Amino acid sequence: MTVRVRFAPSPTGYLHIGGARTALYNWLFAKAKGGTFILRIEDTDLERSKREYEALQIEDLKWLGITYDEGPDRPNPKYAPYRQMERLDIYARFAQELIDKDLAFYDFCTDEELEAMRTKAEAEGRDPHYEGKWRETKYRDEALARVKAGEKAAIRFRVPAKSYTLQDQVKGEVIYPVGMVGDFVIMRANGIPVYNYCCVVDDVTMDITHVIRGEDHLSNTVRQLMIYEALGKKPPVFAHVSLLIGSDRQKLSKRHGATSVHLYKDENYFPEALCNYLTLLGWSHPEEKDIFTKEEISSIFDTDRFSNHSAIYDLVKLKWVNGQHLRKFSNGELISMLKAMIPASHLFHSQTPEWMDKCVELLKQKVDFLSEMQPMMDQLIFGEGLELDDELRDILTWETTPKIIKFIGDELSKVSESFVTEAQLNVWSDFVKKDLGIKGKPLFMGLRAALTGRGHGPDLKFLIPLTPVSVIKKRISQLG
RNA sequence: GCUCCCAUCGUCUAGCCCGGUCUAGGACAUCGCCUUUUCACGGCGGUAACUGGGGUUCGAAUCCCCAUGGGAGUACCA
């Protein structure tokens, strides 16, 4: 049987970092098993669900490179539709089946009655389970008649008095004792199904074989197990992965910082880096590698290497991972990315391919983010101002420095080319050393100050051939 | 409250299922050194953990129990 897994987000906001990780795990698992990855939209929460969020989440998934084989915009006729609100007839059909078999019952209790039951039960130290009269068989005919007459009623699942066991791929054997949950609603009075029910109906009708999801669903799984049983269907294999939490060990939320995927896109993280980091948060590579693309692990990914405790989501390592990915890209790849993100009017675009290659080669050693490259270029290469910090001030006090500045200034006025070559730089350097008798630190730092107007920066032999002579002239004029 | 899940360096984790090879390995961060006559990148090294208590065993990070701590669920939310 072919593996079919799904990611089933609710379109109630942007794609969350935790959701992205779940999607990724499912995608990886599907790839590893040669299976199908499905996107299903769980939009039964009418209050919070919005169609634009669905589009936004899909956009984020695409950005991450998490592609799906089936989904709202890629339907397989056998399983469509993929939005729960478009599958209402399916849920109604299965619910009717459960009613017919007396495995579920109509409930006419009002919110007030339910609330009263709950408070009474709690006051008496009992679990707040449903205790309404409608679960009793003797009211069945009355209930059926009232529904037939057009009255609206919720449908509750009649919970069997037995315990259930789950063989979870991460948690192992999980035992749900008798009476853990009371009769729960599967269909609201307005005809819209409730999560634990429609999730099962969908997974059954979509032939889902494996469910990888957050462990916040672990307690709920017993309800789903009951429904599978009532429907006479075999449950899929479950793997409940631990949750992502904030630095205060609380559930990850907005106050922990950037928890939406789109923010990382905006901040120019590489999608591959985010995927890499997210994968690491709860899964470990069999060879303990920590830098990889999802394609690289898609053949070895499996559920047996999930960790079973929650992980603190922390940006520091993510930044490092991003830098590692940046350095793994070829210069050509980086250049085309830069071309797309740097404004067309920028000097970068008018440089030669050789210049761009050397520039990227130089800058990628200095930054963790692509977005840092242009500012760095503007400072180090095109910046005409000085950086008058303590280091530069110090260099300027040396008695040798003015001599170097004078010499370089004179030489520059003779240069007609746009750039100084490394060879020319060497000639100047040799002259300063031999004819001016300056060597060692005063030589190199003096040259640096004269040519760059700053006290530190990349190796001069790489930096200067990239810097327009006009820029160097402007800098040196401010020093002299 | 009740039910379930979890517990290794500051952080992510390996090891745990199949006890000895663990004076507990890797990565991030941090500190130091080397390289670079600067900065970064890179290299090398240091600091740093089996929550506590019982038990089983010749031997426990690994198995069992209890405690503590954390998390989740307990909705006509998902």
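The following exchange concerns a predicted model of chain A with RNA strand B.

Author: In this predicted model, local features need pLDDT of at least 70 and side-chain atom pairs count only at pLDDT 80 or more, while totals for chains, interfaces and linings use all residues. Residues are numbered from 1 along each chain as its sequence is written, chains are lettered from A and ligands numbered from 1 in the order in which they are written, and side-chain values use heavy atoms, with hydrogens and water left out.

Reader: Why is chain A called more spread out than a compact globule?

Author: The radius of gyration, taken over C-alpha atoms, is compared with the globule rule, 2.2 Å times the number of residues to the power 0.38. For 480 residues the rule gives 23 Å, whereas chain A has 33 Å, well over that value, so chain A is more spread out than a compact globule. Along its principal axes, the C-alpha trace spans about 110 × 50 × 40 Å.

Reader: What makes a residue count as near RNA strand B, and how many residues surround the strand?

Author: One of its heavy atoms must lie within 4 Å. RNA strand B is surrounded by 60 residues, the closest being Asp45, Arg188, Gln250, Lys366 and Gly457. Of the strand's atoms within 4 Å of the protein, 73% belong to sugar or phosphate.

Reader: What makes the pair between Glu288 and a base nitrogen of RNA strand B a polar contact?

Author: A polar contact is a pair of N or O atoms within 3.5 Å; within protein, one must be able to donate a hydrogen and the other to accept it, and residues adjacent in sequence count only if both atoms are side-chain atoms. An N or O atom in the Glu288 side chain is 2.5 Å from that base nitrogen, and the pair therefore qualifies. A backbone N or O atom of Gly440 also lies 2.9 Å from a base oxygen of RNA strand B.
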